[in-house]
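Trainee: Before I use any of the descriptive words in my notes, I would like to go through them with you and ask what stands behind each one.

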Amino acid sequence: MLKGISSLISPELLKVLMEMGHSDEIVLADGNFPAASHAQRLIRCDGHGIPDLLEAILPLFPLDSYVDHPVALMAVMPGDPVETPIWDDYRRIVSRYHPADQPFEEVERFAFYELAKQAYAIVSTGERALYANLILKKGVVTP
């Protein structure tokens with residue numbers, strides 16, 4: 001255990017967050033996402049929801065301020081009537097740590113899968129909300 005670091009951040013996740021450099025990406029994947037088949041590095045966070053993990057990660061993890069949208073959401077498929085209230089939670093959490101007006105972009109499902117394959121790591125969670133996947137692009141820590 002360490003002081004000041006959420007107990008949701010496992011040693012493996014902390015190591016990956018430290019290894020990542022500017023513009024590297026990490027996927028926070030819901031329970032339905034094909035994480036094992038897409039990941040270069042897979043981190044298991046079963047039983048945890050993405051909002052709680054996002055709240056634990058963002059105090060440690062700068063989002064990229066050199067791009068328009070350092071956070072990508074998996075867009076709802078056309079014609080799918082699913083609502084995405086979890087996105088409001090994401091916006092609320094991200095706004096506390098990243099000052100940009102519109103840090104989010106929506107990425108078509110299959111394009112999102114391709115981005116995920118290139119991500120530094122995928123965090124597989126127990127999140128049950130649909131279309132709850134997101135990609136975070138790492139920024140720089142300034143003095």
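Mentor: What follows is a set of questions about the words used for this structure, which is a predicted model.

Trainee: Let me begin with the helices; why are α3 and α4 called roughly parallel?

Mentor: Helix α3, residues 50-57, and helix α4, residues 86-97, pack at an angle of about 5°, and their axes are 10 Å apart. Angles under 35 degrees count as roughly parallel, and that makes α3 roughly parallel to α4. On the α3 side the contact is made by I50, P51, L54 and E55, and on the α4 side by I86, D89, Y90, I93, V94, R96 and Y97.

Trainee: What classes of residue make up the contact of α3 with α4?

Mentor: The contact of α3 with α4 has eight nonpolar residues and three charged ones, with no polar residues.

Trainee: What makes α3 largely enclosed by the rest of the structure?

Mentor: Six of the eight residues of α3 are buried, so the helix is largely enclosed by the rest of the structure. The buried residues are I50, P51, L53, L54, A56 and I57, and what covers them includes α1, β1, β2, α4, β5 and β6.

Trainee: How do you know that L17 is buried?

Mentor: Buried means under 20% relative accessible area, and L17, with a value of 6%, is therefore buried. L17 lies in helix α1, and, not counting residues up to four places away in sequence, L17 touches I9, I26, I57, F61 and K138.

Trainee: Why is S23 called partly exposed?

Mentor: Partly exposed covers the range between under 20%, which is buried, and over 50%, which is exposed; S23 has 38% relative accessibility and therefore counts as partly exposed. S23 is placed in the loop between α1 and β1, and its phi is near 80°, a positive value in a residue other than glycine.

Trainee: Y131 is in a loop too, between β5 and β6; is Y131 buried or exposed?

Mentor: The relative accessible area of Y131 is 11%, and because the cut-off for buried is under 20%, Y131 is buried. Its phi is near 55°, again a positive value in a residue other than glycine.

Trainee: Turning to the sheet, what makes β2 and β4 edge strands?

Mentor: Six strands form an open sheet with mixed pairing, in the order β2-β5-β1-β6-β3-β4. Strands β2 and β4 each pair on one side only, and they are the edge strands. The partner of β2 is β5, which runs parallel to β2 and is joined to it by four bridges, with C45 standing opposite T125. At the other edge, β3 and β4 pair in the parallel sense over four bridges, and F104 in β4 is the bridge partner of V71.

Trainee: How do you know that the side chains alternate along β2?

Mentor: In β2, residues 42-45, I43 and C45 point to one face and are buried, whereas L42 and R44 point to the other face and are not buried.

Trainee: Lastly, which residues have the most contacts inside the largest nonpolar core?

Mentor: That core has 46 residues, and those with the most contacts inside it are L13, I26, F33, L54, Y90, L134 and L136. Leaving aside neighbours within four places in sequence, L136 is in contact with residues including I26, L28, L54, I57, F61 and V71. As a general background, nonpolar side chains tend to be buried together in soluble globular proteins.

Note on methods: Residues are numbered from 1 along each chain as its sequence is written. This is a predicted model: local features need pLDDT of at least 70, side-chain atom pairs count only at pLDDT 80 or more; totals for chains, interfaces and linings use all residues. Side-chain values use heavy atoms; hydrogens and water are left out. Axes are lines fitted to C-alpha atoms, for helices over the stretch in contact, and angles run from 0 to 180 degrees between N-to-C directions. Helices (H or I, at least four residues) and strands (E, at least two) are DSSP runs, numbered from the N terminus. Angles under 35 degrees count as roughly parallel, over 145 as roughly antiparallel, 65 to 115 as roughly perpendicular and the rest as oblique. Contact means heavy atoms within 4.5 Å. Ala, Val, Leu, Ile, Met, Phe, Trp, Tyr, Cys and Pro count as nonpolar, Asp, Glu, Lys and Arg as charged, and the others, Gly among them, as polar. A nonpolar core is a set of buried Ala, Val, Leu, Ile, Met, Phe, Trp, Tyr and Cys residues joined through side-chain atoms within 4.5 Å. Buried means under 20% relative accessible area, exposed over 50%, partly exposed in between (1.4 Å probe, protein chains only). Two strands pair if DSSP finds at least two bridges between them.
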